[in-house]
Amino acid sequence: MFDTPEKRYALSKWIIGTVTCCILIYLGMRHISSIAEVISQLLGLVKPLLVGGLLALILNVPMSYWEKFLRRRTKLQKKTRPLAIFLALISVFGILVGIAFLVVPELSGALKMIIEILGQGFDQLAQLETNTTLREGPLGTIRERINIDWLGLKEQMETWFKTQSGAVVDRIIAATKSILSSTATSLVGFAFAVYILSGKEKLKRQACRLLRVWLPQKVSEAIIHVSAVCGGVFHQFVGGQTLEAVLLGTLCIIGMVILRIPYAPMVGALVGATALVPIVGAFVGTVVGAVIIMTEDPFKALVFVIFLLILQQLEGNLIYPKVVGAKLHLPSIWVLAAVTIGGNVAGPLGMLLGVPIASAAYVLIREATDQREHRLKAAA
């Protein structure tokens with residue numbers, strides 16, 4: 001069976017490789033804490049580069065749009081990249097600042113109004129307890145059995161809100177300190193992202209060359225193909241989801257203005273921002289918007305909920321399949337699974353990135369399945 005030197009060499013090579021892998025796995029499991037600490041330190045060292053890579057992936061979408069736009073409208077064909085990067089930065093940060101200015105002040109005012117309304121409600125309930133007419137009737141007997149201290153509840157509610165407000169302020173201060181302390185990391189990541197965007201074609205050629213030279217052909221081509229699929233899916237998802245969120249927020253503002261629902265700009269911006277997260281975001285935007293509108297007019301809040309449910313049905317059946325779904329080719333059940341798993345793993349960021357990751361995996365698994373099925377048919 002192993003009568004030739006080539007076969008004996010292949011067998012010995014396989015045995016040595018298997019034994020080496022088993023030893024490495026054993027040592028890894030035995031010293032897993034030390035390995036995890038080393039990996040954590042390495043991630044800390046390359047954190048600015050990872051932040052820069054993520055920023056480059058996000059900013060590449062508006063940059064590509066502005067680059068195509070400038071090349072169509074101007075005679076500059078090779079000198080549009082710096083201006084496109086600048087316009088992409090202005091677009092992204094402008095949208096974030098605009099949403100913050102629209103949402104934060106109105107949301108703060110709505111929360112204060114909710115506290116005042118609840119306090120007035122507790123005062124009215126406490127006054128009803130002193131009503132002699134109600135105390136003599138059947139409701140008086142029920143009230144005595146329940147025996148709720150409404151004024152005490154009001155004081156507890158006000159104390160809780162004050163405590164939470166202080167905690168929120170403390171969290172904001174802590175987050176600000178954290179951001180300031182990591183300014184160097186952010187600046188390095190930002191500079192790295194700009195460098196990647198300015199020379200992405202050259203970096204792509206260099207990476208492909210290194211992979212093809214230092215790795216086996218099948219492995220290098222597989223890595224290049226997987227990277228291309230992931231990059232294309234992420235680009236399509238960010239562009240499509242952003243366009244879908246802008247359309248939904250704009251339609252929400254227009255509809256609220258027509259129906260004369262208060263807080264139209266703020267709620268529309270909130271609905272559009274939360275729509276960046278598939279499925280779950282629209283529900284969060286609806287609930288928060290309804291609570292804010294309820295402080296002004298409860299009936300208008302009901303009208304808003306009905307209007308937004310109708311708008312979400314139109315968006316889910318007409319806009320989303322055309323803008324996002326047709327590009328990702330990911331069934332709805334896997335979108336829900338990706339959002340759920342991503343949220344459990346990495347919170348809001350995981351919910352946002354779970355869909356493109358699942359879509360890329362779906363495309364790669366489908367391609368591998370088709371290729372294997374084709375080989376099995378050919379072998380049969």
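This passage describes the loop between helices α9 and α10 and a lysine of helix α12 that touches residues 259 to 262. The model is predicted, so that local features require a pLDDT of at least 70 and side-chain atom pairs a pLDDT of 80 or more, whereas totals for chains, interfaces and linings use all residues. Residues are numbered from 1 along each chain as its sequence is written, and side-chain values use heavy atoms, with hydrogens and water left out.

Most residues other than glycine have a negative phi. In the loop between α9 (217-258) and α10 (264-274), with helices taken as DSSP runs of H or I of at least four residues, lies arginine 260, which has a positive phi of about 60 degrees although it is not a glycine. Tyrosine 263 lies in the loop between α9 and α10 as well, and its phi is also positive, near 60 degrees. Arginine 260 is exposed (over 50% relative accessible area, 1.4 Å probe, protein chains only), at 70%, whereas tyrosine 263 is buried (under 20%), with a value of 18%.

Lysine 300 lies in helix α12, which spans residues 298-328. Lysine 300 is buried yet has no salt bridge, that is, no side-chain nitrogen of Lys or Arg within 4 Å of a carboxyl oxygen of Asp or Glu; the nearest side chain of opposite charge, aspartate 297, is 5.6 Å away. A polar atom of the lysine 300 side chain does, however, lie 3.1 Å from the backbone oxygen of leucine 259. Not counting residues up to four places away in sequence, lysine 300 touches (heavy atoms within 4.5 Å) Leu259, Arg260, Ile261, Pro262 and Ile293.

How values were computed:
Helices (H or I, at least four residues) and strands (E, at least two) are DSSP runs, numbered from the N terminus. Lys and Arg count as positive and Asp and Glu as negative; His and the chain ends are not counted. A polar contact is a pair of N or O atoms within 3.5 Å; within protein, one must be able to donate a hydrogen and the other to accept it, and residues adjacent in sequence count only if both atoms are side-chain atoms.
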